[in-house]
Amino acid sequence: MTPVMPSDFDPRNAEPEDFISPGLPVDEANTTGRLPIGDPEQIPDPAEVEVPEDLREQIQQVVDKYPDKDHKGSPKSAAIPVLWIVQRRYGWCTPAGIVQAACVMQVTPAYLESVASFYDLLRTSPQGEHQVLVCTNLACWMRGGDQLLDSFCEKTGADREAAGHGGSLSEDGNILVSGFECLGACDLAPMASVDERYFGPLENGDASTIVDQLEAGEEVLPEKALEKRGLAGGVAESTDPRVTEGKGPNR
Amino acid sequence: MIEETRVLLRHAEDPKMATLAGYESYGGYEVLKKALKEIEPEWIVNELEDSGLRGRGGAGFSMGKKVSFLPHTDDAKYLCCNADESEPGAFKDRELMQRNPHQLIEGIIISSFAAGIGHAFIFIRGEYDDQADILDRAVEEAYEAGYLGTNILGSGFSLELVVHRGAGAYICGEETALLDALEGKRGNPRLKPPFPAVQGLYGGPTLINNVETLSNVSHIVANGADWFKSFGTEQSPGTKVVSVSGCVKRPGNYEVELGVSLRDLIYGLAGGPLEGHEITAFYPGGSSSPVLTPAEMDLPYSFEAMADAGSMLGSGSIIVADDSVSIPRMALRTAHFYRHESCGKCTPCREGTNWTEKMLERVCTGEATPMDLDIISSVQDNIMGHCLCVLGDAMAMPVSSMVNKFRDEFEETIAEEASKAWSGSLDGLTESPGRDEPGGEEPGPGGVSPEHVRRQRLAGRGVPAGEDV
Ligand SMILES: Cc1cc2nc3c(=O)[nH]c(=O)nc-3n(C[C@H](O)[C@H](O)[C@H](O)COP(=O)(O)O)c2cc1C
Ligand code: SF4
Ligand code: FES
């Protein structure tokens, strides 16, 4: 039975022992308003949870890479990579996916959920098929990152306010648009990460092109992709003898 | 104009370099073979210490010393390469991993060999998906070639290397939070001591170094400490990949000897300010370094010179602001970032970042008074040195430097925004509330009471829109 706090309970007039829920031993009791809601969550029973075979293999493979795989009760190192696997498979960290992962890892679902909710890139609510992260941190902001985010919101119908605070889905639910902190590509400012690949420097008009390309399933702005960029200083042949006569790698 | 001194980025424009065959064609993995065959681990540790190589991830601590701190026991020891690179302004590790992943891997293997480490990790930020894929491929190649795994090249030395992707949290770059994240927990910093070198990952001795630090290792082992010391200054030997961004013509990564002048970096290599603009301030070492002004442009770019100027070299990332950038809003952006990334474990950081952001918001909407600037400064003083990790300080230092050095601009912003808000609130009114309206004691211009204006403003009305920060 779940203990219930009496409805006329007034903490201002209560005696210390009134804070202890009736019928519960003291060490299991909680303070006012936070009564235990039943049994602690259990590690999912492999006999009860159905896990797709390929998913199980994928997860087990990752767990086995870490030295703590044999630690009794705490083989947790793989938590983040495993949540990545769940997210890649189901689009986001779905409750069902988390239970399956927890079952293979033999940890509680709540544990994985607490990890997922800590990290910005792991999503605990549905996200679109595509993600656009627009950097609005210092360097990008100086070069127009806010306006770029505006343009993405205008084009997709995502809510600008929500996009600036964790992300917002486009009107059709296909694209997640989110303002983001520095993505480590300030040389491309203002830039965006589109489906985990970097593009920049972008003009406001590029937002519309990118969204159209995503919807048509085309390659996104190839000429502005990070991977196509050379070094900022161009090709430079060293003349310094310490460099040219070096005995290490990069000879 | 100065030239780059490319050691780590040499031949990096060649796409071949990202593959094992390409790296080997430029002499890659030769040092490793030699080291495993004929070099004593102690010699490597000594040479690293002697070279004076300082950590490239922020704190600038001697890499060789850190290695020598690891106990010489048979306990399982670990190496974690810090590739989290989430400090605003920093993007050098991205370039190094993308263009030359094997240089990093070779550095990791040699460092592990020197310190008797059997398990190594590269903790890469989740956003760097492309680079993580590149590393995954490179690690696979290295396993196939026998440079990783058990009994490497028949030497009896074994090493496992795992590429571990993070999932978006700046705090995971802090070394002890990184360990927690690697252990599969929420990334919260730990109390130090014990330092990771003594008790780190899974409680074992752990060496944590930045990507660039480790990328230097094979060069030092191949050429010796004296060769390394011939670059840079006495206290800052070597070359440094410097990320320059913000309001400059050619933002990007430039590898230079430490000790070149800031002017050469910002005006020379990065091309100087954009047409028609002037530089007003810059962060010399990422967003957590106190800002410098053009008056300090001729300082040498070295750990010691930046510290003497009251700032720091940090990760080696220069963010340049010009006259189009509002310094108070820049301070607000900075505070906003740290407020968002604070893990919340300690009060001065959690509350301090939150209130600093709120107060700066008030500055930028004209609701603050000049006295609030003193309060902002005192809050920063109370954060510094009072937190578990240095994330709190990382906000306090730049914010307080901006308030101190650009106080006039803060005061002007307050005055300007306040008058805008005042006239804005007049525009928004259709009817003047009279004396008998609630709260309408003293009518202001146009019969509007100051109290009414204040309420309008508090309710978010009559404040110019579009200042969404
Ligand atoms: C909040 C915070 C974030 C940090 N982020 C990074 C980072 O992204 N990359 C990094 O190499 N070091 C980072 N550091 C520094 C690390 O704690 C650590 O000093 C460094 O990885 C050691 O390597 P090094 O000696 O080679 O520099 C950060 C420190 C703090 C306090
Ligand atoms: S200083 Fe901030 S980020 Fe660091 S441990 Fe404390 S609350 Fe967390
Ligand atoms: S500020 Fe936008 S990527 Fe760094």
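Student: How many salt bridges does the rule count over all chains, and what makes a pair a salt bridge?

Tutor: The count comes to 44 over all chains. A pair qualifies when a side-chain nitrogen of Lys or Arg lies within 4 Å of a carboxyl oxygen of Asp or Glu. The model is predicted, with local features requiring pLDDT of at least 70 and side-chain atom pairs pLDDT 80 or more, whereas totals for chains, interfaces and linings use all residues. Residues are numbered from 1 along each chain as its sequence is written, chains are lettered from A and ligands numbered from 1 in the order in which they are written, and side-chain values use heavy atoms, with hydrogens and water left out.

Student: Why is the pair A:Lys224 and A:Asp206 called a salt bridge?

Tutor: The closest N and O atoms of A:Lys224 and A:Asp206 are 2.7 Å apart. The pair joins a Lys to an Asp inside the cut-off, and therefore it is a salt bridge. Side chains of opposite charge can pair when their charged atoms come close.

Student: What makes this pair a link between distant parts of the chain?

Tutor: A:Lys224 is in the loop between α8 (204–216) and α9 (241–244) of chain A, while A:Asp206 is in helix α8 of chain A, 18 residues apart. Helices here are DSSP runs of H or I with at least four residues, strands are runs of E with at least two, and both are numbered from the N terminus.

Student: How many salt bridges are found across the interface of chain B and chain A?

Tutor: The rule finds eight salt bridges there. One of them joins the side chains of B:Glu257 and A:Arg242 at 2.9 Å, N to O. Across the two chains there are also 40 residue pairs in polar contact, both residues at pLDDT 80 or more. A polar contact is a pair of N or O atoms within 3.5 Å; within protein, one must be able to donate a hydrogen and the other to accept it, and residues adjacent in sequence count only if both atoms are side-chain atoms.

Student: Which helix gives the most to the side of chain B that touches chain A?

Tutor: Helix α14 (residues 327–341) of chain B does, with eight residues. That side divides into 37 nonpolar, 30 polar and 25 charged residues. Ala, Val, Leu, Ile, Met, Phe, Trp, Tyr, Cys and Pro count as nonpolar, Asp, Glu, Lys and Arg as charged, and the others, Gly among them, as polar.

Student: How many residues does the contact take from each of chain B and chain A?

Tutor: The contact, meaning heavy atoms within 4.5 Å, takes 92 residues from chain B and 65 residues from chain A. The buried area between them is about 6200 Å², of which carbon and sulfur atoms give 53%. Buried area is the accessible area (1.4 Å probe) that two parts lose on being put together, summed over both.

Student: What domains does the assignment give for chain B?

Tutor: The assignment, automatic or from a database, gives domain 1 (15–229), domain 2 (239–322) and domain 3 (326–469). Between domain 1 of chain B and domain 2 of chain B about 1300 Å² is buried, 51% of it from carbon and sulfur atoms. B:Arg56, B:Glu87 and B:Phe91 supply 35% of the area that domain 1 of chain B buries there, more than any other three residues.

Student: Which side chains form the salt bridge between domain 1 of chain B and domain 2 of chain B?

Tutor: The count between these domains is one salt bridge. The side chains of B:Lys240 and B:Glu212 meet at 2.6 Å, N to O, so the pair satisfies the rule.

Student: Which residues are closest to ligand 1?

Tutor: B:Gly57, B:Asn82, B:Asn209, B:Asn210 and B:Thr213 are the closest of the 19 residues that surround ligand 1. A residue counts as near when one of its heavy atoms lies within 4 Å.

Student: What makes the approach of B:Asn209 to ligand 1 a polar contact?

Tutor: An oxygen atom of ligand 1 is 2.8 Å from an N or O atom in the side chain of B:Asn209, so the distance falls inside the limit for a polar contact. An oxygen atom of ligand 1 is also 3.0 Å from an N or O atom in the side chain of B:Lys66. A nitrogen atom of ligand 1 is 3.3 Å from a polar backbone atom of B:Gly173.

Student: Which residues are closest to ligand 2?

Tutor: Thirteen residues surround ligand 2, the closest being B:Cys343, B:Lys345, B:Cys346, B:Cys349 and B:Cys389. The shell divides into nine nonpolar, three polar and one charged.

Student: What is notable in the phi of B:Glu85?

Tutor: B:Glu85 has a positive phi of about 25 degrees although it is not a glycine. Most residues other than glycine have a negative phi, and most peptide bonds are trans. B:Glu85 lies in the loop between β1 (78–83) and α5 of chain B.
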